[in-house]
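Here is a short briefing on one chain. Look over the fold first, then take the points below by topic.

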Amino acid sequence: QVQLVESGGGLVQPGGSLRLSCVASGSIGSIYAMGWYRQAPGKQRDMVATITSSASANYADSVKGRFTISRDNAKNTMYLQMNSLKPEDTAVYYCKLNRLLPGPRGDYWGQGTQVTVSS
């Protein structure tokens, strides 16, 4: 079993910053990828950023240059530094872990943390 706990969400004004954290515990394996996804009301859940076990990052076009994903493998923790926030960034942000090795492979989700960008 894998547990993912997100934190760091909240209310911020446009142009502000937030840092999200996701702590993983349980049977996460030794090789795993992680990512942040978000879902706004009435919309589908979309990828925000992903990071491989070797720290290779990928970003959605809408957040490139503003968001930075990182991970601390020693702490089983992933971060999302969000700068220059816009109202359209408002959503519930979810942490995802993709366990790769050792098997079995599997995808796991956190419970989500609300980010609201508003003046």
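With which residue does K64 form a salt bridge? The partner is D61, and the closest N and O atoms are 3.1 Å apart. This is a predicted model. The briefing covers its salt bridges, one disulfide, one open sheet and two further residues.

**Salt bridges**

- The count of salt bridges comes to four.
- Side chains of opposite charge can pair when their charged atoms come close.
- In the pair of K64 and D61, K64 is partly exposed because its relative accessible area is 49%.
- D61 is exposed, with a relative accessible area of 65%.
- K96 forms another salt bridge, with D107, at 3.7 Å between the closest N and O atoms.
- K96 lies in strand β9 and D107 in strand β10, so this salt bridge ties together parts that are eleven residues apart in sequence.
- K96 is buried at 18% relative accessible area, which falls under the 20% cut-off.
- D107 is partly exposed, at 45%.

**D89 and its network**

- Salt bridges with shared partners join R38, R66 and D89 into one network.
- D89 sits in the loop between β8 and β9.
- D89 is buried, since its relative accessible area is just 1%.
- The side chains of D89 and R38 meet in a salt bridge, with an N to O distance of 2.9 Å.
- That pair links distant parts of the chain: R38 belongs to strand β4 (residues 31–39), and the two residues are 51 residues apart.
- R38 is buried too, with a relative accessible area of 14%.
- The side chain of D89 also makes a polar contact with the side chain of R66, at 2.8 Å.
- Leaving out residues up to four places away in sequence, D89 touches R38, R66, F67, S84, V115 and V117.

**Disulfide**

- The structure holds one disulfide.
- C22 and C95 form the link, with an S to S distance of 2.0 Å.
- The link of C22 and C95 is left-handed, with -70° about the S-S bond.
- C22 is in strand β3 (residues 18–26) and C95 in strand β9 (residues 91–101), so the disulfide joins distant parts of the chain, 73 residues apart.
- C22 is buried, at 0% relative accessibility.
- C95 is likewise buried, with a relative accessible area of 0%.

**Open sheet**

- Four strands form an open sheet in the order β1-β3-β8-β7, with antiparallel pairing.
- β1 (2–7) and β7 (67–72) stand at the edges with a single partner strand each, so one side of each has no neighbour in the sheet.
- On average, neighbouring strands of this sheet are turned by 15° against each other, direction ignored.
- Strands of a sheet pair through backbone hydrogen bonds, either parallel or antiparallel.
- β7 and β8 (residues 77–82) run antiparallel and are joined by six bridges.
- S70 has Y79 in β8 as its bridge partner.

**Two further residues**

- S21 is found in strand β3.
- S21 counts as buried at 16% relative accessibility, because the cut-off is under 20%.
- Not counting residues up to four places away in sequence, S21 touches V5, E6, S7, W36, M78 and Y79.
- R105 is in the loop between β9 and β10 (106–109).
- R105 is exposed, at 64% relative accessibility.
- R105 touches R99 and L100, not counting residues up to four places away in sequence.
- The C-alpha atoms of R105 and I28 are separated by 9.8 Å, although the two residues are 77 residues apart along the chain.

Note on methods
Residues are numbered from 1 along each chain as its sequence is written. This is a predicted model: local features need pLDDT of at least 70, side-chain atom pairs count only at pLDDT 80 or more; totals for chains, interfaces and linings use all residues. Side-chain values use heavy atoms; hydrogens and water are left out. Two strands pair if DSSP finds at least two bridges between them. Axes are lines fitted to C-alpha atoms, for helices over the stretch in contact, and angles run from 0 to 180 degrees between N-to-C directions. A disulfide is a pair of cysteine sulfur atoms within 2.5 Å. Buried means under 20% relative accessible area, exposed over 50%, partly exposed in between (1.4 Å probe, protein chains only). A polar contact is a pair of N or O atoms within 3.5 Å; within protein, one must be able to donate a hydrogen and the other to accept it, and residues adjacent in sequence count only if both atoms are side-chain atoms. Contact means heavy atoms within 4.5 Å.
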